[in-house]
Amino acid sequence: MDLNALRTNHPDHWSKATAIRALTLDAVAAANSGHSGMPMGMADVATVLFEKHLKFDASAPHWPDRDRFILSAGHGSMLLYSLLHLTGYADMTLEQVKNFRQSGAITAGHPEFGHATGIETTTGPLGQGIANAVGFAMAEEILRAKFRRKLVDHYTYAIAGDGCLMEGVSQEAITLAGRHQLGKLIVFWDNNNITIDGPVTLADTTDQPLRFKSAGWAVIEIDGHNPEEIDAAITKAKSQKKPTMIACKTHIALGHAAQDTSKGHGALTDKDQMAAAKAAYGWTTGPFEVPSDVKSAWEAIGAQGQTARSEWEGRLAEMSENRQRQFNRVMAGEPAKRIGATVRAFKKEVSETLPKMATRAASEKALAVLNPVVSESVGGSADLTGSNNTKTDDLGVFDIDNRGGRYVYWGIREHGMAAAMNGMALHGGIRPYGGTFMCFTDYARPAMRLAALMKIPTTFVMTHDSIGLGEDGPTHQPVEHLAISRATPNTHVFRPADAVETAEAWEIAFTSTSTPSVLSLTRQGLPTLRTEHKMRNLSAQGAYVLADATEKRQVILIATGSEVHLALEARTMLEADGIGTRVVSMPCMELFADQDEAYRRKVLPAGPVRIGVEAAVRQGWDQWLLGERGKSNKADFVGMDGFGASAPAGELFEQFGITAANIVAKAKALL
Ligand SMILES: Cc1ncc(C[n+]2csc(CCOP(=O)(O)OP(=O)(O)O)c2C)c(N)n1
């Protein structure tokens, strides 16, 4: 690579791009860890993007109509931090850059949403960012259809590396974007042929341009160090009706001794080699020092969007007050006002009519009344619409000729769906929910985890939640998935027992601002257990006394979902034998754990025998059986201790001993 030619042909560009490279080298060296090579290789692309194309205003990082920039190759975090610092984001001070990867700094190892402004999503797990980007672009389409071009008209740009493109989720994302002709999505591929173990060709020889073209993308191939080619490619990409992949041939760790090698991927900290690279760049200032003219040039770029932003604010102000309120509310993620009243009316009707139905069907009924009220909801399913019961009549289907459609046929792409839903939530203005079978939380899990980490209220509708699904057998019968979901911090896992609890779960999910929800719903019909209407959302306390002991309280049965009615049957049997028995319904363990000690003690007092009942593994239950004043010689569990089997559901509950009779026997054995 002839650095001199690059320098002399485009001196202004060169100094700006070099500022990124130099800050990256210095920050990684100071931290003695991180990834130098990717930012050094993609500095030219990023510089041209920010200077010539990206619509943003560093002084208003949350401006809703900004273009979104997503660093899918999150290990190259110093690329993003350098850009944010150089363009003048107030929180990204030089101190923060100097404290890269240190405790308390907003410059975490990988970009973390919520730490610094300008970080649109948390990336690092490769492939997530590009899949998020598809959701961002879909959100833009939906909101443009709803609020019109005057308010919503922006692009989504993402930088993806070889690693992102090798991850399976990228295939789900790419084919989805192609199918929907997301013309305002532009992905730069950092085509440097290097990963950690060596050249990409060690493990992959995919023709990436052909791959993207076959998925319906436009592809432009350029030299990723030539600013004119980069500029022309972005200009062309912006006019495409299809999403565009710009294949940028780059050199990892450009200008360093480790250039074009896998060594260049990681932390380049050798002092002499750093000095040599900086000398080759013609960069003469000390560590973390950006010449003032270069910094000013970058700050001017950071301010370029101010006019567009204030014009946009003018357009918003011209809208009717109602329109402005609606736009501002959904963009701020504020829950719709009428959710509570709608859920209460729904619960009242259920408690009066006492339907027997599966909680997945109850969920559909709740959505049918909630979706018209929650105008920002966007539903969908990974090819299980009829099974997940996620579609309601009013939504319309999102498509090329119906961008305002609020239902997405995600196809068989659980992971891509979950990641794109996260992108929608992060974009703002949309409250996404999507369904698949509970056992396929495994397929969606990396994105579910990131929703929790990012504190965004994505809702995962997971039906067919136990052996109760019956004949499809153990491949489809989740046993460990509740435990896995519950093990994830900042996640509400709901397993409602009837239609009332299902509606209560939806109320919590649709009003959540910083916690994702998992709704674990049955395939099989269940009786209505909440026969007395209560205005209050009892599920919001996580667990509550559904039926108390009439005799002296000797047993507490704690159950969730489809096993709560078994616990009630067992209670009837025990009480008939003079054994006072309380039934606690526990639709959400996390919310119960959040309650104060006094309430928890009221629900789970010391003394009685405790039996947990759930058609799943015991893991996670001992907190309520042994903890919370429980005792090991007075606690047992009725559930699964292995995989299920293929048979009618009723037979399976007998076969695995999840029956009222077994609950009674276990309780009596401990008395
Ligand atoms: C899902 C996931 N698997 C593995 C890693 C660890 N990892 C970080 S970067 C990287 C190599 C990525 O190669 P590439 O995208 O080409 O980046 P470059 O070498 O160009 O910086 C790997 C395996 C990760 N961050 N995420």
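In the next few minutes I will go through three places in this structure: the ligand site, the largest pocket, and one residue in a strand. Please keep in mind throughout that what we are looking at is a predicted model.

Let me begin with the ligand, which is surrounded by 16 residues, and the closest of these are H75, G163, N192, I194 and H265. Three of those residues come up again when we look at the oxygen atoms of the ligand. A polar atom in the side chain of H75 lies 2.7 Å from a ligand oxygen, and for H265 a side-chain N or O atom is likewise found 2.7 Å from an oxygen atom of the ligand. With G163, however, it is a backbone N or O atom that lies 2.7 Å from a ligand oxygen.

Now to the largest pocket, which holds about 720 Å³ of space. Its lining is made up of 40 residues, and those nearest the centre are F113, M331, L426, H427 and G428. Two or more lining residues come from each of the helices α4 (77-87), α14 (321-332) and α18 (414-427), and also from each of the strands β1 (68-71) and β8 (431-437). What kinds of residues make up this lining? There are 21 nonpolar residues, 11 polar ones and eight charged ones.

Finally, please find S585, which belongs to strand β14, residues 580-585. Is S585 buried or exposed? S585 counts as buried because its relative accessible area is 0%. Its side chain makes a polar contact of 2.6 Å with the side chain of E501, and, setting aside neighbours within four places in sequence, the residues in contact with S585 include A497, G542, Y544 and V564.

Methods:
Residues are numbered from 1 along each chain as its sequence is written. This is a predicted model: local features need pLDDT of at least 70, side-chain atom pairs count only at pLDDT 80 or more; totals for chains, interfaces and linings use all residues. Side-chain values use heavy atoms; hydrogens and water are left out. On a 1 Å grid over the protein atoms alone, a cavity is a set of points where a 1.4 Å probe fits but cannot get out, and a pocket is an open set with protein on both sides within 12 Å along at least five of seven lines; lining residues have an atom within 4 Å of a point. Grid points are joined across faces, edges and corners, and a volume is the space filled by probe spheres set on the points. Helices (H or I, at least four residues) and strands (E, at least two) are DSSP runs, numbered from the N terminus. Ala, Val, Leu, Ile, Met, Phe, Trp, Tyr, Cys and Pro count as nonpolar, Asp, Glu, Lys and Arg as charged, and the others, Gly among them, as polar. Buried means under 20% relative accessible area, exposed over 50%, partly exposed in between (1.4 Å probe, protein chains only). A polar contact is a pair of N or O atoms within 3.5 Å; within protein, one must be able to donate a hydrogen and the other to accept it, and residues adjacent in sequence count only if both atoms are side-chain atoms. Contact means heavy atoms within 4.5 Å. A residue is near a molecule or strand if one of its heavy atoms lies within 4 Å of it.
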